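Here are a few short exercises to work through with the sequence and the structure side by side. Try each one yourself before you read the solution.

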Amino acid sequence: MSLANNTGEHGTGFLSYKSGVRSSVRSSTSREAGRRGPAGPPSGGSLDLRELCDVRRAYKGGVLPNKPTAYLEHRRSRPTRGMNMGQKVSGGVKTVSRDSPTPYKPVIPRELAQDFARPARLDILLDMPPALRETQLKHSWNSEDRSLNIFVKDDDKLTFHRHPVAQSTDCIRGKVGFTKGLHAWEVCWSTRQRGTHAVVGVATAEAPLHSVGYQSLVGSTDTSWGWDLGRNKLYHDSKNNVGVTYPALLKPDETFIVPDKFLVVLDMDEGTLSFVVDGQYLGVAFRGLKGRKLYPIVSAVWGHCEITMKYIGGLDRTPTPQEHIMEVPYVSQQASQQSCCSDNSKFQLSVRVRPNKSSHFYVLKETLISHDSDN
């Protein structure tokens with residue numbers, strides 16, 4: 001079947017095409033009626049139900065000449081299947097969709113329970129009042145240490161905006177670098193603004209802040225450590241090392257959709273970097289970070305994305321001049337009940353008290369002091 005008058009406007013060509021379809025339907029119907037002979041339809045032109053179905057199939061065959069009737073019947077009888085937007089095709093999805101409010105609660109094997117137990121110092125830090133606005137601004141994004149495609153918003157110094165530049169990966173560092181202590185900050189990054197490469201982590205002052213093309217820039221060299229949120233992979237010097245699945249419990253056919261808000265935890269005393277999602281500690285992501293000065297960093301590729309960083313607070317392992325140590329004698333109930341220990345067995349507790357916040361404290365060490373009269 002050919003189209004008539006293709007040189008005209010779209011409307012004329014369309015009408016010619018439709019008329020061609022109609023003529024082919026009529027001719028096929030006439031041929032069918034001729035084959036049927038006297039038993040065909042009455043001369044008045046009325047058709048029974050079976051003949052109407054034949055005309056319908058012939059019409060569809062004319063509109064979609066490359067689709068056989070068997071294919072059309074298959075499409076009509078095939079059941080439909082829905083899929084939630086935001087899901088990735090995999091055998092299992094740890095969070096059902098980007099919009100799901102259900103918190104992440106992994107099934108942790110008993111042998112790995114220790115790795116996913118939240119450290120005591122982190123519990124203490126998160127139980128303390130969050131940092132004041134002034135402290136958060138001090139630890140916010142550094143407008144002087146960024147890719148040129150990124151700017152810190154004037155009306156919200158905790159948030160940066162990325163320009164929609166194609167084939168570009170851009171980073172920004174935080175203002176404060178850490179060499180000691182336990183520190184935590186919240187990252188707010190919408191799942192709808194991440195694109196193909198969204199990475200969060202830490203880096204030295206020498207780590208690159210821009211590259212041509214799209215890549216997981218944080219973690220691409222030996223000066224940065226990053227978690228690719230879309231791929232669920234940890235990267236460090238990725239040019240020479242393959243990515244490691246994180247959280248470690250994920251199976252090859254599973255995908256974990258990281259929610260809009262999560263915590264980054266940097267322990268420079270232990271030399272570790274870890275993450276907390278929906279209150280669940282995901283375990284240590286990186287080790288061996290001692291002896292460096294590391295800054296918060298992210299790398300983004302999505303145009304007009306906006307990412308907010310809120311510093312939660314920090315704890316130092318050793319006391320500062322603003323804090324003091326109290327030696328508190330404490331008779332252990334367990335020790336007093338044991339016959340092998342005398343009444344003067346005591347636990348010496350070194351307690352660190354924050355000024356003006358005496359209700360928030362933590363134990364630095366706990367040692368059993370035994371006084372033996374024979375020594």
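**Exercise 1: a strand and its two faces**

In strand β9, buried residues cover both faces: Ser 224, Gly 226 and Asp 228 lie on one side, Trp 225 and Trp 227 on the other. Keep in mind that this is a predicted model.

Task: Work out why β9 is largely enclosed by the rest of the structure.

Solution. Start with the cut-off: a residue is buried when its relative accessible area is under 20%. Next, go through residues 224-228; 5 of the 5 are buried, so the strand is largely enclosed. The split into two faces fits a general pattern: in a regular strand, side chains alternate between the two faces of the sheet.

**Exercise 2: the partners of β9**

Task: Find which strands β9 is joined to by bridges, and how they run.

Solution. First take β7 (residues 199-203), which is antiparallel to β9 and joined to it by 5 bridges. Here Val 202 is opposite Trp 225. Then turn to β10 (residues 233-235), also antiparallel, with 3 bridges to β9. In this pair Gly 226 is opposite Tyr 235. Finally, look at the connection: β9 and β10 make a hairpin with 4 residues between them, and Asn 232 in the turn has a positive phi of about 55 degrees.

**Exercise 3: a serine in a strand**

Task: Decide whether Ser 274 is buried or exposed.

Solution. Locate Ser 274 in strand β14 (residues 272-277). Its relative accessibility is 2%, so Ser 274 counts as buried. Now list its contacts beyond four places in sequence, which include Tyr 246, Leu 263, Tyr 281 and Ala 285.

Conventions: Residues numbered from 1 in each chain as written. Predicted model: local features only at pLDDT ≥ 70, side-chain atom pairs only at ≥ 80, totals over all residues. Heavy atoms only, no water. Helix = DSSP H or I, 4+ residues; strand = E, 2+ residues; numbered from the N terminus. Buried < 20%, exposed > 50% of the residue type's maximum accessible area, 1.4 Å probe, protein only. Contact = heavy atoms within 4.5 Å. Pairing = 2+ DSSP bridges.
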